[in-house]
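I opened a new structure today and kept notes as I went. Here is what I looked up, entry by entry.

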Amino acid sequence: MESKETVAQVPSRKLTLEDDMESQSSAKEEEDDDEQSKEVVIVDPTALDVDLSHCKIGKIEQMERLTNVTSLCLRQNLIKCIEGLSTLVHLNLLDLYDNQITKIENLTELTNLTQLDFSFNRIKKIENMSHLTNLTKLYLVNNKITNIENLETLINLDMLELGSNKIRVIENLNTHINLTGLYLGKNKITQISGLDNLVNVTCLSLQDNRLTKIEGLDALVNLDELYLSDNGIEKIEGLSNNIQLTVLDLACNKIQRIENVSHLVNLGDFWFNNNQLSNWDDLKELACLAELRTVYLEHNTIWYEPKEKNCQDPAYRRKVKLMLPQVTQIDATYCR
């Protein structure tokens with residue numbers, strides 16, 4: 001049976017004899033253009049899944065023949081404009097990852113979309129998607145977005161990925177009670193706020209922002225994974241209601257004490273490397289956590305040789321294991 005997954009191809013254009021006679025001198029130039037941008041030729045119009053990744057496509061065209069397509073992947077091309085998709089009314093998944101798109105537009109007829117990926121483009125504003133109420137997953141990683149906006153009607157979203165943008169404030173998410181994953185790493189956020197209605201979030205990523213305090217998490221009672229590494233946090237606090245946590249990432253901050261985590265009885269991973277922990281007694285805060293299996297503590301003060309600050313203390317791993325016998329991995333190495 002013929003596969004329905006490979007349904008289109010992007011051939012190199014060939015000059016006809018007439019073209020060659022009219023402009024033989026331009027053949028080399030035409031060849032160079034083909035290397036930059038190529039046409040799409042539909043092989044199987046009845047296909048459900050179309051994958052045209054990394055094909056040097058410069059323009060979305062000839063899609064009207066795909067009357068049944070539900071999944072269209074156009075990753076890693078040279079597309080600058082969202083166009084030519086109005087007939088794809090059955091489309092559930094549209095992937096335009098890694099192109100040159102600057103504006104979200106021309107999606108009016110695609111109301112059946114459930115997954116949309118515009119990551120690694122040049123988009124500055126979230127817009128023209130309010131009618132896509134069936135969306136469950138939206139990826140806008142690595143663009144130039146400054147504000148979380150115009151998403152209020154997308155109440156079925158369960159995953160929102162806005163990492164690597166220019167966002168400064170967490171806002172306009174009050175209607176997204178179905179969100180389970182919210183990814184806002186590598187932005188310019190200075191405060192954890194605007195999350196009070198997100199009671200179903202299980203994974204929150206705020207790595208590599210400008211945070212100085214753990215706060216605003218009281219309503220996230222189902223939170224399972226919290227990623228706060230690479231910020232300027234100085235104290236562990238604000239986790240009283242987050243007793244479902246299994247992963248807590250606080251690496252690369254400015255924290256001096258391990259405290260206020262002994263109630264996190266489900267915690268399995270505690271990532272605390274590259275902080276300022278100097279007191280071995282602080283590990284007692286983790287000793288009561290029976291589910292704890294992995295700790296990262298390297299490059300804290302306790303990790304270094306007391307008399308030689310640039311070297312690891314040779315007794316470091318033994319000390320950790322003595323104080324936390326339940327762990328099976330210390331830093332990147334499993335315990336014997």
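**Entry 1: the annotated stretch**

I began with residues 313-331, where the chain is 42% helix and 11% strand. The C-alpha atoms at the two ends of this stretch are 14 Å apart. I picked residues 313-331 from UniProt, which lists them as "domain: U2A'/phosphoprotein 32 family A C-terminal" in an unreviewed entry. I also noted that the model is a predicted one.

**Entry 2: the whole chain**

Next I stepped back to the full chain. How many helices and strands does the protein chain have? I found 4 helices and 18 strands. The protein chain has 336 residues, and buried ones make up 41% of them. I then looked up its accessible surface, which comes to about 16500 Å². Carbon and sulfur atoms hold 46% of that surface. Last, I checked contacts between residues at least 6 apart in sequence. Of these, 26% join residues at least 24 apart.

**Entry 3: Asn-99**

I turned to single residues. Asn-99 is in the loop between β5 (93-95) and β6 (115-117). Is Asn-99 buried or exposed? Its relative accessibility is 6%, so I wrote it down as buried.

What does the side chain of Asn-99 reach? It comes to 3.1 Å from the backbone nitrogen of Ile-79. A polar atom of the Asn-99 side chain also lies 3.4 Å from the backbone nitrogen of Leu-78. I listed the residues that Asn-99 touches, leaving out those up to four places away in sequence. Among them are Leu-74, Arg-75, Gln-76 and Asn-77. Phe-120 and Asn-121 are on that list too.

**Entry 4: Tyr-97, Phe-120 and Arg-75**

Phe-120 came up again when I searched for aromatic pairs. The structure holds 6 aromatic pairs. One of them joins Tyr-97 and Phe-120, with 5.1 Å from centre to centre. Their planes are at 45 degrees, and the pair is tilted.

Why does this pair tie together separate parts of the sequence? Tyr-97 lies in the loop between β5 and β6, and Phe-120 lies in the loop between β6 and β7 (137-139), so the pair links parts 23 residues apart. I checked exposure for both. Tyr-97 is partly exposed, at 21% relative accessible area. Phe-120 is partly exposed as well, at 33%.

Arg-75 adds a charge here. Its charged end sits over the ring of Tyr-97, 4.1 Å from the ring centre. I had already met Arg-75 as a residue that Asn-99 touches.

**Entry 5: Tyr-227 and Trp-271**

I looked at another tilted pair. The ring centres of Tyr-227 and Trp-271 are 5.9 Å apart, with their planes at 50 degrees. Where do the two residues sit? Tyr-227 is in strand β11 (residues 225-227), and Trp-271 is in strand β13 (residues 269-271). They are 44 residues apart, and the pair links distant parts of the chain.

I compared their accessibility with the 20% cut-off for buried residues. Tyr-227 has 14% relative accessibility, so it counts as buried. Trp-271 has 23%, so it counts as partly exposed. Tyr-296 joins Tyr-227 and Trp-271 in one aromatic cluster.

**Entry 6: His-176**

His-176 is in the loop between β8 (159-161) and β9 (181-183). I found 0% relative accessibility for it, so His-176 is buried.

Which backbone oxygens did I find within reach of its side chain? The oxygen of Leu-151 is at 3.0 Å. The oxygen of Leu-154 is at 3.1 Å. Beyond four places in sequence, His-176 touches several residues, including Glu-152, Ile-155, Leu-157 and Leu-198.

**Entry 7: Thr-153**

I ended at Thr-153, in the loop between β7 and β8. Thr-153 is partly exposed, with a relative accessible area of 37%. Its side chain reaches the backbone oxygen of Ser-130 at 2.5 Å. Which residues does Thr-153 touch, not counting those up to four places away? I found Ser-130 and Thr-133. I also noted a spacing along the chain. The C-alpha atoms of Thr-153 and Leu-135 are 10.0 Å apart, and the two residues are 18 places apart in sequence.

Note on methods:
Residues numbered from 1 in each chain as written. Predicted model: local features only at pLDDT ≥ 70, side-chain atom pairs only at ≥ 80, totals over all residues. Heavy atoms only, no water. Buried < 20%, exposed > 50% of the residue type's maximum accessible area, 1.4 Å probe, protein only. Contact = heavy atoms within 4.5 Å. Areas by Shrake-Rupley, 256 points an atom, 1.4 Å probe, with all protein chains shown as cover. Polar contact = N/O pair within 3.5 Å; in protein donor to acceptor, adjacent residues only side chain to side chain. UniProt positions renumbered as here; feature names shortened; annotations may be inferred. Phe/Tyr/Trp six-rings, centres within 6.5 Å; stacked < 30°, edge-to-face > 60°. Lys NZ or Arg CZ within 6 Å of the ring centre and 35° of its normal.
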